[in-house]
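Below are some notes on the model you sent, set out as numbered points. They deal with aromatic contacts, nonpolar packing and one acidic residue.

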Amino acid sequence: MGGVKQDMEELHKLIPWVIILLLSYGAGSISCDGNDTDLASLLDFKRAISNDPMEALSSWNTTVHLCLWEGIACSLTQPGRVVNLNLIGRDLAGQISPSVGNMSYLVSLNLSANKLSGQIPPLLGNLHKLKILDLRENALQGNIPDALTNCSSLMALDLSRNLLVGEIPRKVGLLSVLSYLRLNGNGLTGTIPPGLGNITTLQNIFLHGNQLHGSIPEELGKLPNMLNLLLGENRLSGRIPEALFNISSLQQLAMAMNMLHGPLPSGTGDFLPNLTQLLLSSNMLEGQIPDSLGNASELQRIALGNELTGQIPTSLGKLRKLRILNLQNNKLEAKDSQSWEFLDALGNCTLLEGLSLKGTLLQGALSQFL
């Protein structure tokens with residue numbers, strides 16, 4: 001009897017753990033409406049994939065609970081509801097099923113570095129809990145759906161290096177908690193939406209390598225937390241908003257290969273204590289290089305090939321972290337020993353690896369400064 005009693009006690013101890021396992025992973029007959037919705041959506045996703053060379057979706061079948069499928073993570077508070085669908089670099093070909101838009105608890109959707117084609121389903125705009133949407137490095141086509149601006153929780157949107165065309169949605173400013181916007185390497189046209197300036201949480205804007213035109217919105221100068229603003233290789237024109245040079249958090253300002261004109265502000269560098277890269281070459285900027293640029297003490301790379309005139313300021317010698325200084329193809333002058341003093345000052349930049357002055361109007365002997 002003692003042995004039977006002991007066995008019964010051990011069984012009672014196991015029962016709670018069995019219940020927990022059933023609730024966590026589900027049994028064949030345990031289901032709920034939300035779980036069924038996610039299951040159907042994921043199976044639709046699988047059916048829309050035409051090639052899966054790495055067999056990433058081999059575990060995606062009804063004999064295995066969906067929370068155990070590769071690339072899937074489920075909620076800890078809502079059992080059976082999918083919160084993450086992440087299949088990065090699996091060489092998946094095919095299209096993104098619109099049914100993914102029915103997975104209402106989804107927080108992260110990352111299908112980057114695959115071979116997906118077709119259009120981005122507008123139904124993804126139904127994902128109000130979505131914080132990360134990363135579809136970069138695929139072959140997605142068509143426009144960016146306006147409906148994506150309904151994803152009110154979105155913090156990171158990366159659609160870079162696809163085949164997207166059309167304009168950036170005008171209502172992108174509705175993404176009020178967005179921190180990371182990366183749309184570079186597509187064929188986007190139209191102008192930069194001024195509404196971006198309303199997203200005070202924005203830290204990174206990558207729009208380079210498109211066909212955007214028009215001026216840079218003044219509203220971007222209102223973004224107090226901006227770290228990286230990359231707008232190069234477009235067709236942007238007009239002046240660079242002076243307010244951009246007052247964003248003290250800015251680390252990279254890159255606008256090369258556009259049609260920007262006008263002078264650099266006289267205070268350039270006075271309010272950029274964190275700037276490491278200033279890339280403005282292949283534009284039509286004129287005027288002189290401001291002496292204040294030497295006050296941006298973290299600068300490592302400067303590229304200013306434009307229509308700049310005057311002398312190269314000796315203040316650049318204060319940039320002790322400078323590695324690359326590209327001033328080629330300007331109208332900068334040096335005709336006497338005084339105007340060559342900048343070269344002596346650059347001797348203080350002990351980390352300098354590259355200096356390009358070709359295509360300028362510099363004249364005279366260099367030997368006394370070498």
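**Notes on the predicted model**

1. Phe206 is buried, with a relative accessible area of 8%. This value, like the others here, comes from a predicted model. The ring of Phe206 has the charged end of Arg182 over it, 4.7 Å from the ring centre.

2. Phe206 also pairs with Tyr180; the two rings are tilted, with 5.9 Å between centres and 45° between planes. Tyr180 belongs to strand 11 (residues 180–182) and Phe206 to strand 13 (residues 204–206), so the pair ties together parts that are 26 residues apart in sequence. Unlike the buried Phe206, Tyr180 is partly exposed, at 25% relative accessible area, because buried requires a value under 20%.

3. The whole structure contains 4 aromatic pairs. One of them joins Trp60 and Trp69, which are stacked at 5.2 Å centre to centre with 25° between the planes. Trp60 is buried at 1% relative accessible area, and Trp69 is buried at 2%. Ring pairs link both tryptophans, Trp60 and Trp69, with Phe45 in a cluster.

4. A second charge-over-ring contact to look at involves Lys129 and Tyr105: the charged end of Lys129 sits over the Tyr105 ring, 5.3 Å from its centre.

5. In soluble globular proteins, nonpolar side chains tend to be buried together. Here the largest nonpolar core has 92 residues, and Leu229, Met255 and Leu304 have the most contacts inside it. Elements that each supply at least two residues of this core include helix 2, strand 2 (72–74), strand 3 (82–86), strand 24 (331–334) and helix 3 (341–345). A second, separate core has 5 residues, among them Leu230, Ala254, Leu279 and Ala303.

6. Which residues does Leu229 contact, leaving aside its neighbours within four places in sequence? They are Ile205, Leu220, Leu244, Leu250, Gln252, Leu253, Ala254 and Met255. Of these contacts, Met255 is also listed with Leu229 among the residues with the most contacts inside the largest core, whereas Ala254 is in the second core.

7. Is Asp38 buried or exposed? Asp38 is buried, and its relative accessible area is 0%. Asp38 lies in helix 2 (residues 33–47), an element that supplies at least two residues of the largest core. Not counting residues up to four places away in sequence, Asp38 touches Gly80, Arg81, Val82, Asn102 and Met103.

Conventions
Residues numbered from 1 in each chain as written. Predicted model: local features only at pLDDT ≥ 70, side-chain atom pairs only at ≥ 80, totals over all residues. Heavy atoms only, no water. Helix = DSSP H or I, 4+ residues; strand = E, 2+ residues; numbered from the N terminus. Buried < 20%, exposed > 50% of the residue type's maximum accessible area, 1.4 Å probe, protein only. Contact = heavy atoms within 4.5 Å. Core = buried A, V, L, I, M, F, W, Y, C linked by side-chain atoms within 4.5 Å. Phe/Tyr/Trp six-rings, centres within 6.5 Å; stacked < 30°, edge-to-face > 60°. Lys NZ or Arg CZ within 6 Å of the ring centre and 35° of its normal.
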